[in-house]
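Here are my notes for your first look through this model. Keep the viewer open and follow the points one by one.

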Amino acid sequence: MSTKLEGDVMRRTEAAGQLGGFVREHRTDGGRRLRQAGILLFVGAAGMAFGVPVTVASIGTTDGAPELAGLLLGVGLVGLGLGIWRLLQAFRTREQSFDIHERGLTHRVAGTAALIPWQDIASVGARGEDGRPLAEARGMGFTCNITLTDGRSIHIDTFTEDARQLAQTVHSAVHLGRLPEGRGHRRAQ
């Protein structure tokens, strides 16, 4: 089973002792998530700020005002909802990174590190190119879910650098038996 370490962040050398040589790190851009949350919250607040007065002013009218009010309130509610969701996601995954090792990966989030040997990963499911407009900018162009044998799941999206390479490395190690090679280590033949 995976090991979760609290308190001081485990050094790579300690993780390497359990998971083999260090291969590479994949950091998640939490700042980009926070900026996106801020933009969405601003759009939502603006939609509500304009939508509420237009709604009040359109009471009793039948011309285009009710439709405009509905549009503004809809933009406001969707913007606020998505902004809050992205903000919560940013806080849940603050300082997130993935360290790939020869025999597993280390998932780090806000001062905790979970050591996950390859055998503790039940499945790797990746979904590529989302065709929706601005999907990549929203962090949804590529997603990957790593399901552990204990039922927990780790979500990776395009906010994580080289997310596709990370997903491919984990998939190759778990499902194809092709383990990555660490720096300065030779695999015994």
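1. A bit of vocabulary before we start: helices (at least four residues) and strands (at least two) are DSSP runs, numbered from the N terminus. With that in hand, find Thr 93, which lies in the loop between helix 3 (65-92) and strand 3 (97-101). Remember as you go that this is a predicted model.

2. Is Thr 93 buried or exposed? Its relative accessible area is 16%, and buried means under 20%, so Thr 93 counts as buried. Leaving aside residues up to four places away in sequence, Thr 93 touches Arg 33 and Val 109.

3. Now go back along the chain to helix 3. Its 28 residues should span 40 Å at 1.5 Å a residue, and the C-alpha atoms at its ends are indeed 40 Å apart, so the two agree. Several residues of helix 3 are buried, among them Gly 76, Gly 79 and Gly 83. Ala 69, Arg 86, Gln 89 and Ala 90 are buried too. What covers them? Helix 2 (30-57) and strand 8 are included in the cover. As a rule, an α-helix has 3.6 residues a turn, so residues three or four places apart point the same way. Keep that in mind when you look down the helix.

4. Next, the sheet. Which order do its strands take? It is an open sheet of three strands, ordered 6-7-8, and the pairing is antiparallel. Strand 6 (121-127) and strand 8 stand at the edges; each has a single partner strand, so one side of each has no neighbour in the sheet. On average, neighbouring strands here are turned by 15 degrees against each other, ignoring direction.

5. Let's check the pairing by hand. Strand 6 and strand 7 run antiparallel and are joined by six bridges. Val 124 has Ile 146 of strand 7 as its bridge partner, and Ala 126 stands opposite Cys 144 in strand 7. On the other side, five bridges join strand 7 to strand 8, again antiparallel. Here Thr 143 has Asp 157 of strand 8 as its bridge partner.

6. Strand 7 and strand 8 form a hairpin, with four residues between them. Gly 151 sits in the turn and has a positive phi of about 95 degrees. Also look for Asp 150, in the loop between strand 7 (143-148) and strand 8 (153-157). Why is Asp 150 called partly exposed? Because its relative accessibility is 39%, and partly exposed covers the range between under 20% and over 50%. The side chain of Asp 150 makes a polar contact with that of Arg 152, at 2.9 Å. Asp 150 and Ala 122 are 28 residues apart in sequence, yet their C-alpha atoms are 8.5 Å apart in space.

7. Finally, helix 4. This helix has 13 residues and reaches 18 Å from its first C-alpha to its last, close to the 18 Å expected at 1.5 Å a residue. Its buried residues include Leu 166, Ala 167, Val 170 and Ala 173. Where does their cover come from? It includes strand 2 (22-27), strand 3 and strand 4 (104-109), along with strand 6, strand 7 and strand 8. After helix 4 comes Gly 177, with a positive phi near 70 degrees.

How values were computed
Residues are numbered from 1 along each chain as its sequence is written. This is a predicted model: local features need pLDDT of at least 70, side-chain atom pairs count only at pLDDT 80 or more; totals for chains, interfaces and linings use all residues. Side-chain values use heavy atoms; hydrogens and water are left out. Buried means under 20% relative accessible area, exposed over 50%, partly exposed in between (1.4 Å probe, protein chains only). A polar contact is a pair of N or O atoms within 3.5 Å; within protein, one must be able to donate a hydrogen and the other to accept it, and residues adjacent in sequence count only if both atoms are side-chain atoms. Contact means heavy atoms within 4.5 Å. The expected span of a helix is 1.5 Å times one less than its number of residues. Two strands pair if DSSP finds at least two bridges between them. Axes are lines fitted to C-alpha atoms, for helices over the stretch in contact, and angles run from 0 to 180 degrees between N-to-C directions.
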